[in-house]
Amino acid sequence: MAKLGRFVWVLAVAVLSLPAFAQRSRIEGRVLDERTHETVIGAEVSLLNGKTGTISDANGKFAIEVPSLPATLSVTYIGYKTLDVAVYEYTEPITIELSENLRLLDEVVVIGYGTQKRKELTGAITTVSKESLSQLSTSFDNLLGGAISGLNVTQSSGQPGAASSIRIRGGNSITGGNEPLYVVDGVIIYDDSNSSSTSAGVSRIAERLNPLAAINPNDIESIEVLKDVSATAIYGSRGSNGVIIITTKSGKKGKNNIEYQYSLGWQQVSKKIDLLNAREWAEISREIDPKSPITDAEFAQLGEGYDWQGAALRTAPTQTHQATVSGGDEKTRYLVSGNFTNQDGIILNTDFQRYSGRFNFERDLFSNVTLGLNVSASNLKQNGLASYSGLETNGVANSLDYILSIPQVVPIYEKDGSFNYNNIFEKGDLRYGDRTVNALSDLVNTVSQNSSNSLIGNFFLRYAILPSLTARVSAGTNLTNATQNFFAPSSSTAGFLAKGYGSVGNQRTNSWQYDYTLNYAKQVHDDHYIDVLAGYSTQTTTKERTTAYATNYANEQLTYHNLQAGQGLAPVTGGSESVLNSLLGRVNYTLKGRYNLTATLRADGSSRFAEDHKWGYFPSVGLSWNINEEAFLKGNKTVSDLKLRLSLGTVGNQEIGDYKYESTYGTQRYSFNNKVVTAYTRNNRKNPDLKWEQTSQYNAGVDFSLWDYRLGVVVDAYYKKTSDLLLNIPLETTTGFTSMLKNIGNVTNKGFELELKGTLVSTKDLDWNLSGNIAKNINTITNVAIKSGYIQQGSTIIKEGEALGSFYGFVFDGVVQADEDISKLSVPDRKTEIEPGDIKYRNQNPEKDNRVSLDDDQVVLGSRQPDFTYGFSTGLRYKSFSLFASFQGSQGNELYNSLRQKLESPNISYNLAAKLVDRWTPSNPSNIIPKATVVPASWLDSRYIEDASFLRLKNITLGYILPIRINKAPTAQFKVFANAQNLLTITNYTGYDPEVASGTDSGAYPTAKTISLGINISY
C-alpha cells in the first residue's frame, strides 16, 4: 500500500509538471548575410518583447529557449536591418538571413583624428564604395578615377608602377604641391611629385615609381575623401589640397578568417600609332632630298618594311597572390597579410614587382586601456623607359619615341640575328662613322630601374580616463629607402657619345610623427551632444641622398654595378630636414539631433618658411541642418534624409621643398692653371619674407535620400581662393639668378558637384544598384602681380585670366594654296617668304605688319583643365553571380601632342605619321597637311593641342560563388572571377592614350588592356 501511495504521488507530480515542461522550447539556428551567405558573428537573437537573448557564435550559430511556441525572434546586428522571425513549430535548426541596412552601414565615417556619425557631419566627405575597392589594381589610386565627384585622377603613363596625378577640386598652387594629403591608419603621407621619396636624382629614368603602390589595395578596408575646409582644416597646412584617409583591414572579435586570392592576367596595347610603311616613307624622303640613298631599284622592291613598333610591344602577363589571416577574441584582434604582384610591361624590358606584408594588432590591456600596432612593409621594383632629356639625341625624347622614329626601311636585325647597328639614315650625334644606335637594342639593353623599400607603422595607446574622456598617444613612421640604377651601354642612345654611361642614386627618407590628443564626447540629456578634441602633433622628415656617375666604360658587363670601370664624375651628396609642429582643436556640437556645428583651429609651425613667418593659423567652421528630423518631415515616407551643409575657413600649403627661403650654395668644378678647381656658387637667393600660401574656402551642400534610402543625392557648390602664391618669378640677369621663390599672385577654383546612388532592385535573389557623379571646376589665375602679367614656361603660360596648364602658341590657319595671292599673306619670322604648300599661321596683329612673330602672335590655345569630369558604376547580383562595372570620363581637357608634332615634321632621317600620305602636293591641295619639306624650326600651333576628352570602361568584373561545401569547414566560400581593365576607351585623341598627367605627350608609355582570371577562397 505504501508503494502504491508513492507511485501515485510521483505520477501526480509528473502530471502537474507536464504543462510547465511543454511550455519551454529550444530553438537552434544560424544567422547569414542574405547577399553573400557568409556567417554573421555576434548577431543578437532575442525573444520579441522579452528578456531572453543570445548572440551568434563564430559559425553564426545560436541557441535560445522560449517559453512556448509559436514565438517571434528579433534578430539585430549593426549594419543590417532588424528582422523579426515567427517560429510556429520547430523540428530542425532554422536559417535566418539578414539584409544590409545602407543607412547604418554609412552611419559612422572616419574623419581626421577620429570618427563621426554621418548625420552629424558638416563637411563634404565621400566614402569610396567597397565594390570599387575590391577591383584588381596594383595601386589603390588607380581605383579612384571616376569613383568620387570632384576628384580627378590622371595617370602619368601606362608604365607598370607609374604614379598618378590626383587633384581634389582643382589645383591651388603653381610652384607648390597640388597632391592631396594621405593619412594611412593615422600616419600622414604626402606624395610629393617635386621631390618624391621614390626618386633619387637619376635624371635619365623616364618614370617615377609610385610611392602609393607600397600600400597594398587588398589591405584597405575603407577610403574617405575629405574635400571641403570643414573636413580638412584639422590637418591645417597639409589639408589645402584635400585629404584622403585610408583605413586598413583589422581582425574582428570572435571571428577567425583565412583568405587567399590568386589572379592571372594578360595585357595588350590598347592602340598603336599609325606610321608610314617603308615605301611611303621612302617616297617622302626622295621627295624632300633628290640625293636620297634609296635608288629606284631599291624603291621598287619596298613594301611594308620592318615593324619596329610591333617588335617593341608584347603580350605581357600579370599575376597577384594575396593571403590574409585574421581573427580575435574578447581582448585581442589581429590581422596578418602578404602580397606578391608581378606585372610585366607591354613594352620590352619593362615591369613592376611588389612584395608587401602587413600586421595589424590590438589588445585590450584593461577595460579602459587599449594598445595597437599597424605595420606594413614593402619592396617595390620597376624597370621602365629611359629619358633622353638634355642629351644630344636629335630631338628624340625617350626610348619609346626612338622606336617610333626609326624608318621602316631600316632592318631591325642583321642576317645572323644580331642587332643592326648601321642605320644609313641616322645623322648627327647618333652616328660615328658607320656605327649608329639601334632603337630596339637600346630598349632591351638599357637599364632604367627604380626600387624602393618602405615601412609604414603606427603604434598607439588609448586610455579612457572617464567614460566620456579619452587620451590617445601615437607614434607613426614612414621610412623609405629608394634606389635608382641606370646604365646605357656605348651602343645605346644615352651612352653613345659618352662611350657608356652609368649612374646610381640612393635617397633615404625618414619621417617620424607623434600625436597627443585628448577627446571628450558626451550626450548631455536628450538634446545636446558635444565632442571636443585637443591635441599636439609634431612631424620630422629627414632626407639623405647620394648620386654617382661614370662614363667611358672599359668593361660594360656589370652595368651599373661597376661604375669604377668608367671615368667617374664627381659624386653628389646632400640632405635636408623639415619639422612641422602643430596645435589643433575641434568642437563638434549637435542640438536635438538636428543642428550640427563643427569649429576647428589648427596652428602650424613649419621650418620651411622664414624666421618671422613660420607659424600659420587655420580656422574653419561648418554648419549642417538635418531637416528630416523636424516635425514637419519626420516620418515622411518619401524623404528619408535631408541635410543642408555650409562651411568656410582657411588652410595652408608648405609643399615647396626645404631651405627655399635661405641662401644656399652649390659646388662647381672648372679648370684653372691646368688644374681642376672647386668653387662655390649661390644656388638660391635669400627671401626673408617667404611665408605660407593660404587657401580660403567656402562650401554649400545638400544631402538627401528618398524612398527608404533607395535613392541618395549629394550636391555641392564651392569657391576657393589661394593667396600669397608660392611662385618662382623670373629675375633680371644682373641679379645673378634666373628666378626667385616669392609669395605673389592668386588662383581661384569654383565648381559644382553632383553624386547619385540608387538601388533599383533589392530582393533575396537579385540586387541591382547604380551610382554616378559629375563635377565641374573652373580654375583661373586672377593675379600674377608682375609687370608683364604672365610668365611663359615652354609650351605653357601662367597668365592672368587663364587656367593653370594653359598652352601657348600659334593658331594654324591652313595651307597656302597655289591660287592664293601670296603678297597678302603673313610670313613667319623664321622664313623670308612663303610659297604654295607652306603652313599659314594666323597674324593676331595684321594692322601692325604682315609678319608672324614669337613676340606678337602667340595666344592661349587651350588648357589641360577639363570642363567637367564624371564617372558611373553599376553592381548586379543574381543568386551566386555578381557583376560590377565602372566607367571614368573627362570632357574638354586638352593635351599637347608633342609626339604627333614630331611625327608630322618631315625629315630625311626619321619616320613619320601615316597621315602624311595625304600631304599637300600640286595635285592634292590639302588644307590640313603641308607639303613635305624640312622646316628649320618647329613652332607649336593649334593642330597639336588636341581634345583629350574620353570615356573609359575602367573595370568590369564577373564573379560566381561555387556551390561547394566542406563538412569540416561549413563556412568556406569558393569564388571564381574574371576581370577586364581598360577594355574600351572612346576618345578622339590621336596619341596612345588621352591620360597624360603632365599635359605634354612626348611618347608616354601606352595604356594596356588587361584580362584576368582569378579565384578567392575564404574560411
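Begin the tour at the surface by selecting Leu365, Phe366, Phe459, Leu461, Val473, Trp512, Tyr514, Tyr516, Tyr536 and Leu583, which make a nonpolar surface patch of about 930 Å². Keep in mind, while you look, that this is a predicted model. If you now colour strand E20 (351-366), strand E24 (447-466) and strand E26 (501-524), you will have marked strands that each supply at least two residues of the nonpolar patch. Which of them gives the largest share of the nonpolar patch? That is E26, from which 3 residues come. Click next on Trp512, a patch residue that lies in strand E26; Trp512 counts as partly exposed because its relative accessibility is 39%, a value that falls between the 20% limit for buried and the 50% limit for exposed.

Now leave the patch and select Leu181, which is found in strand E13, a strand covering residues 181-184. Is Leu181 buried or exposed? Leu181 is buried, since its relative accessible area is 0%. To see what surrounds Leu181, display Ile188, Ile189, Tyr190, Tyr235, Arg238, Gly242, Val243 and Ile244, with which Leu181 is in contact once its neighbours within four places in sequence are left aside. You may also draw a distance from Leu181 to Leu226, where the two C-alpha atoms are 9.7 Å apart although the residues are 45 apart in sequence.

Stay with strand E13 and widen the selection to the sheet around it, an open sheet of 5 strands in the order E10-E15-E16-E13-E14, with mixed pairing. The edge strands, each pairing on one side only, are strand E10 (125-127) and strand E14 (187-190). Neighbouring strands of this sheet are turned by 20 degrees against each other on average, when direction is ignored. In general, the strands of a sheet pair through backbone hydrogen bonds, and this pairing can be either parallel or antiparallel. For an example of the antiparallel kind, look at E13 and E14, which are joined by 4 bridges; in E14 you can pick out Ile188, the bridge partner of Val183.

The next stops concern charged side chains. Side chains of opposite charge can pair when their charged atoms come close, and this structure holds 40 salt bridges. Select Glu655 and Arg608, which form one of them, with their closest N and O atoms 3.1 Å apart. Glu655 lies in the loop between strand E32 (639-653) and strand E33 (664-672), whereas Arg608 lies in the loop between strand E30 (595-606) and strand E31 (615-626), so the pair ties together parts that are 47 residues apart in sequence. Both Glu655 and Arg608 are buried.

Move on to Asp829 and Arg851, another salt bridge, whose closest N and O atoms are 3.5 Å apart. Here Asp829 lies in the loop between strand E45 (827-828) and strand E46 (839-841) and Arg851 lies in strand E47 (residues 851-852), so this pair ties together parts 22 residues apart in sequence. Asp829 is partly exposed, with a relative accessible area of 42%, and Arg851 is partly exposed as well, at 26%.

For a further pair, select Arg900 and Glu904, whose side chains meet in a salt bridge of 2.8 Å from N to O. Arg900 counts as buried at 16% relative accessibility, and Glu904 is also buried, with a relative accessible area of 11%. End the tour by selecting Arg169, Lys227, Glu753 and Glu755 together, for these residues are linked in a network of salt bridges.

Terms used
Residues are numbered from 1 along each chain as its sequence is written. This is a predicted model: local features need pLDDT of at least 70, side-chain atom pairs count only at pLDDT 80 or more; totals for chains, interfaces and linings use all residues. Side-chain values use heavy atoms; hydrogens and water are left out. Buried means under 20% relative accessible area, exposed over 50%, partly exposed in between (1.4 Å probe, protein chains only). Contact means heavy atoms within 4.5 Å. Patches are made of residues with over 30% relative accessible area and no salt bridge: like charges are joined within 9 Å, nonpolar side chains (Val, Leu, Ile, Met, Phe, Trp, Tyr) within 5 Å. Accessible areas come from the Shrake-Rupley method with a 1.4 Å probe; for residues, only the protein chains shown count as cover. A salt bridge is a side-chain nitrogen of Lys or Arg within 4 Å of a carboxyl oxygen of Asp or Glu. Two strands pair if DSSP finds at least two bridges between them. Axes are lines fitted to C-alpha atoms, for helices over the stretch in contact, and angles run from 0 to 180 degrees between N-to-C directions.
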